[in-house]
Amino acid sequence: MDRRSFLKNTAIGGGAAAATSLAAPALAAGHARTLTMVTSWPEGFAVLDDAASYFTQAVNAMSGGSLTIDKKTPGQLVGALEVFDAVSSGQADMYHSADYYFGGQHPAYNFFTAVPFGATAQELFNWYYNDGGQELHDELGQIFGLKSFQCGNSGSQSGGWFREEIKSVSDFQGLRYRMPGQGGQVLGKLGASVQNIPGGELYQALSSGALDGLEWVGPLADERAGFQEVAKFYYAAGFHEPGSGLIASINLDVWESLDSQQQAVLTNAAKAATIHQFSQTMASNGAALERLKAQGVTVLNFGDDVWDAFGAASKEVRDEPMGDELYAKVRASFETSLANSSSWLQQSDGFYLQQRNRVMGG
Ligand code: CA
């Protein structure tokens, strides 16, 4: 810890300890810590910054003054996509981001946010919390000096925004499109010119014509970003992110310097942020989609031939990093869990929803 951080921690810790001295008399002022958390989201960005803010407030409230998160938006300390390296190197204590942005650091990171034709939010939770996912995230984090958590979920993401309708796979040829992660690699195989541009720069890129289209999150977040002002074709369902996990990661040395109560606060605040954000998003997307239609947006779905092309390219993209042993290990765990989850979900929730719609009306 540098001197400036120490002074800041001491000042905040002293104030917080005084304010909570009746509620938590055992709290020693020296225990109080402030963690600088860099994020990939501009202030007020729906879903993404909502999750980071909820997590920040939950940690601050749950810790009784022993732990404070100081959230930094892109550009305050580092750029939106520089957060991983900043925390790995110790320049910042934590990040809140999406781990598929860091497939260049290690391709296995894709699985902890989203892979094309991968897990829904429910299936991701099953793997992560009860079927080996968190342990593998920890193993991966050992390489980079990170301890990571699921910390928010966007639910199923939309297929994205286009200026022109996608009538066949050939319409992706030469299309300048923003999509991160393995989904972007898939569109690259279909001929698109794919870029990963941070969320805060997307409106400008689309409105200036630098991009022909983009995917961001879903109706709630996309409406707030204003993409309906510059593109009119919106594909409701996407192949690329069926339940994206947002991620909080803390520098491993910082994590190990925390006491067990502080670690428990971070662990459980991240879980609370996950279910809060997932339910908030999924509760809001339907109404947001109706508002987009009222603003003149045409809502469509890709045809089966386009979905087939997405699928064939997705298999190739998922296979490409298989020379990496840890990627192969994470993939095997993810796919085994997904097969088990989906088998039961189809026999229970899937069948039930069919019957509910049939008996009660959709
Ligand atoms: Ca997205």
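# A guided tour, starting at helix 5

Select helix 5 first: the elements that cover its buried residues include helix 4 (110-113), helix 6 (133-144), strand 4, strand 10, helix 11 and helix 13 (325-360). Helices (H or I, at least four residues) and strands (E, at least two) are DSSP runs, numbered from the N terminus. Buried means under 20% relative accessible area, exposed means over 50%, and partly exposed is in between (1.4 Å probe, protein chains only).

Before you move on, note that this is a predicted model, in which local features need pLDDT of at least 70 and side-chain atom pairs count only at pLDDT 80 or more, while totals for chains, interfaces and linings use all residues. Residues are numbered from 1 along each chain as its sequence is written, and side-chain values use heavy atoms, with hydrogens and water left out.

**Stop 1: colour by confidence**

Colour the chain by pLDDT, the predictor's confidence in each residue, from 0 to 100. The mean for the protein is 92, and 91% of its residues reach 70 or more. Now find residues 1-30, where the pLDDT is below 50; beyond near neighbours in sequence, this stretch has 18 contacts in the model. Contact means heavy atoms within 4.5 Å.

**Stop 2: helix 5 and its partner**

Go back to helix 5 (residues 121-130) and show its side chains. Which of its residues are buried? They are A121, E123, L124, F125, W127 and Y128. Just past the helix, click on G132, which takes a positive phi of about 105°.

On the other side, between helix 4 and helix 5, there is a loop that holds F117. F117 has a positive phi of about 60° although it is not a glycine. This residue is partly exposed, with a relative accessible area of 36%.

Next, add helix 11 (260-294) to your selection. Two packed helices are described by the angle between their axes and the distance between the axes. Here the axes of helix 5 and helix 11 come within 12 Å and cross at roughly 170°. Axes are lines fitted to C-alpha atoms, for helices over the stretch in contact, and angles run from 0 to 180 degrees between N-to-C directions. Angles under 35 degrees count as roughly parallel, over 145 as roughly antiparallel, 65 to 115 as roughly perpendicular and the rest as oblique. Helix 5 and helix 11 are therefore roughly antiparallel to each other. Their contact is made by A121, F125 and Y129 of helix 5 and K271, T274 and F278 of helix 11.

While you are in helix 11, pick Q262. Is Q262 buried or exposed? It counts as buried, at 2% relative accessibility. Leaving aside neighbours within four places in sequence, Q262 is in contact with H31, R33, S66 and L67.

**Stop 3: helix 12 and helix 13**

Now select helix 12 (residues 304-319) and helix 13, whose axes come within 11 Å and cross at roughly 135°. Helix 12 and helix 13 are therefore oblique to each other. The residues in contact are V317, R318 and D319 of helix 12 and Y327, R331, F334 and E335 of helix 13.

Click on Q346 in helix 13. At 57% relative accessibility, Q346 counts as exposed.

**Stop 4: helix 2**

Move to helix 2 (residues 48-62). At 1.5 Å a residue, its 15 residues should span 21 Å, and the end C-alpha atoms are 21 Å apart, which agrees. The expected span is 1.5 Å times one less than the number of residues.

Its buried residues include L48, D49, A51, F55 and V59. Among the elements covering them are strand 1 (33-39), strand 2 (67-72) and strand 10 (245-251). After helix 2 comes G64, with a positive phi near 60°.

Step back into the loop between strand 1 and helix 2 to find V47. V47 has a positive phi near 70° and is not a glycine; it is buried, with a relative accessible area of 0%. P42 sits in the loop between strand 1 and helix 2 as well. Not counting residues up to four places away in sequence, P42 touches D49, T73, P74 and G200.

**Stop 5: the calcium ion**

Finish at the calcium ion. Which protein atoms are its donors? They are Q157 (OE1), E215 (OE), E215 (OE), W216 (O) and E241 (OE), lying 2.2 to 2.6 Å from the ion. Q157 and E215 link distant parts of the chain, 58 residues apart: Q157 is in the loop between strand 4 (146-153) and strand 5 (160-162), and E215 is in the loop between strand 8 (213-214) and helix 9 (219-225). Donors are N, O and S atoms within 2.8 Å of the metal (3.2 Å for Na, K and Ca); water is not among the atoms, so sites may look incomplete.

Q157 counts as buried at 5% relative accessibility, and E215 is buried at 0%.
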